[in-house]
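Biologist: I am new to this structure and would like to learn how to read it. Could you walk me through it step by step?

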Amino acid sequence: MLYIAFLSLLGILFLIAELILLPGVSVGALLAIGCYGSSIYLAFRDYGMAGGIITTLIIAIVSLAATAICLRAKTWQRFSLKQEIGSSSSELPSSEVKTGDRGITLSRLAPMGKVSVNGKIWEAKSLDAFIDQQCDIEVVGFENFSIIVRKIN
């Protein structure tokens with residue numbers, strides 16, 4: 001009787017571990033099924049039909065209750081992060097820089113680098129192959145969060 005109860009309890013613990021700690025891995029579920037199957041087999045073998053059915057019903061009821069408790073929202077709130085992200089990505093350059101604006105390169109554009117346009121520093125991509133540092137540039141377009149520039153001769 002003790003080994004049947006032990007295997008059933010172990011199966012419930014593996015089920016809870018599967019639901020909370022290892023979701024989707026199925027290792028806990030396979031171990032739970034193995035423990036449940038062993039305890040049900042031993043109950044039928046040692047206590048006959050009545051003992052096996054009672055053991056099966058107890059395992060089913062306790063497993064459903066454990067699953068319901070684990071899947072409640074309050075259970076998951078204990079494990080979830082409570083921190084909020086208050087920042088955002090950098091602003092789009094097209095909100096402050098317009099096509100035709102002029103500036104200067106702060107680093108060599110080969111083809112990416114830093115430029116200063118309208119007093120702010122931006123990531124820029126050269127329309128030409130390379131543009132050296134401290135060269136005058138003109139904004140010709142935008143690509144994602146960077147400015148496309150060409151060298152002014």
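Modeller: We will go from the overall build to the helices and then to the strands. Please keep in mind that this is a predicted model.

Biologist: Happy to start there. Which helices and strands does the chain have, and in what pattern do they follow along the sequence?

Modeller: The chain holds three helices and five strands. Reading along the sequence, you meet them in the pattern α-α-α-β-β-β-β-β.

Biologist: What radius of gyration does the chain have, set against a compact globule of 153 residues?

Modeller: The chain comes out at 33 Å, whereas a compact globule of 153 residues would be near 15 Å. The span of the C-alpha trace along the principal axes adds to the picture, at about 95 × 30 × 20 Å. As for burial, 32% of the 153 residues are buried.

Biologist: Now the helices, please. How do I describe two that pack together?

Modeller: Two packed helices are described by the angle between their axes and by the distance between those axes. Here, helix α1 covers residues 2-20 and helix α2 covers residues 27-71; they pack at an angle of about 20 degrees, with axes 5 Å apart. Angles under 35 degrees count as roughly parallel, so α1 is roughly parallel to α2.

Biologist: Is the crossing of α1 and α2 left-handed or right-handed, and which classes of residue make up the contact?

Modeller: The crossing of α1 and α2 is right-handed. Their contact has 23 nonpolar residues, along with eight polar and three charged ones.

Biologist: Let us turn to the strands. What holds a sheet together in general?

Modeller: Strands of a sheet pair through backbone hydrogen bonds, and they do so either parallel or antiparallel. In this model five strands close into a barrel, in the order β1-β2-β3-β5-β4, with mixed pairing. Ignoring direction, neighbouring strands of this sheet are turned against each other by 55 degrees on average.

Biologist: Where should I begin in the barrel?

Modeller: Try β1 (residues 102-105) and β2 (residues 112-117), an antiparallel pair with three bridges. These two strands form a hairpin, with six residues between them. To find the register, look for isoleucine 104 opposite serine 116 in β2, and for glycine 103, whose bridge partner in β2 is valine 117.

Biologist: How many bridges pair β2 and β3?

Modeller: There are six, and the pairing is antiparallel. Lysine 114 stands opposite glutamate 123 in β3. The hairpin of β2 and β3 has two residues between the strands, and asparagine 118 takes a positive phi near 55 degrees there.

Biologist: In which sense do β3 and β5 run, and by how many bridges are they joined?

Modeller: Strand β3 (residues 120-126) and strand β5 (residues 146-151) run parallel, joined by three bridges. A pair to look for is serine 126, which stands opposite valine 149 in β5.

Biologist: And which sense does the pairing of β4 and β5 take?

Modeller: Strand β4 (residues 136-143) pairs with β5 in the antiparallel sense, over six bridges. Glutamate 143 has serine 146 in β5 as its bridge partner. β4 and β5 form a hairpin with two residues between them, and asparagine 144 in the turn has a positive phi of about 55 degrees.

How values were computed. Residues numbered from 1 in each chain as written. Predicted model: local features only at pLDDT ≥ 70, side-chain atom pairs only at ≥ 80, totals over all residues. Heavy atoms only, no water. Pairing = 2+ DSSP bridges. Helix = DSSP H or I, 4+ residues; strand = E, 2+ residues; numbered from the N terminus. Axes fitted to C-alpha atoms, helices over the stretch in contact; angles between N-to-C directions. Parallel < 35°, antiparallel > 145°, perpendicular 65-115°, else oblique. Left-handed = near helix turned anticlockwise from the far one by under 90°. Nonpolar A, V, L, I, M, F, W, Y, C, P; charged D, E, K, R; others polar. Rg over C-alpha atoms; globule rule 2.2 N^0.38 Å. Buried < 20%, exposed > 50% of the residue type's maximum accessible area, 1.4 Å probe, protein only.
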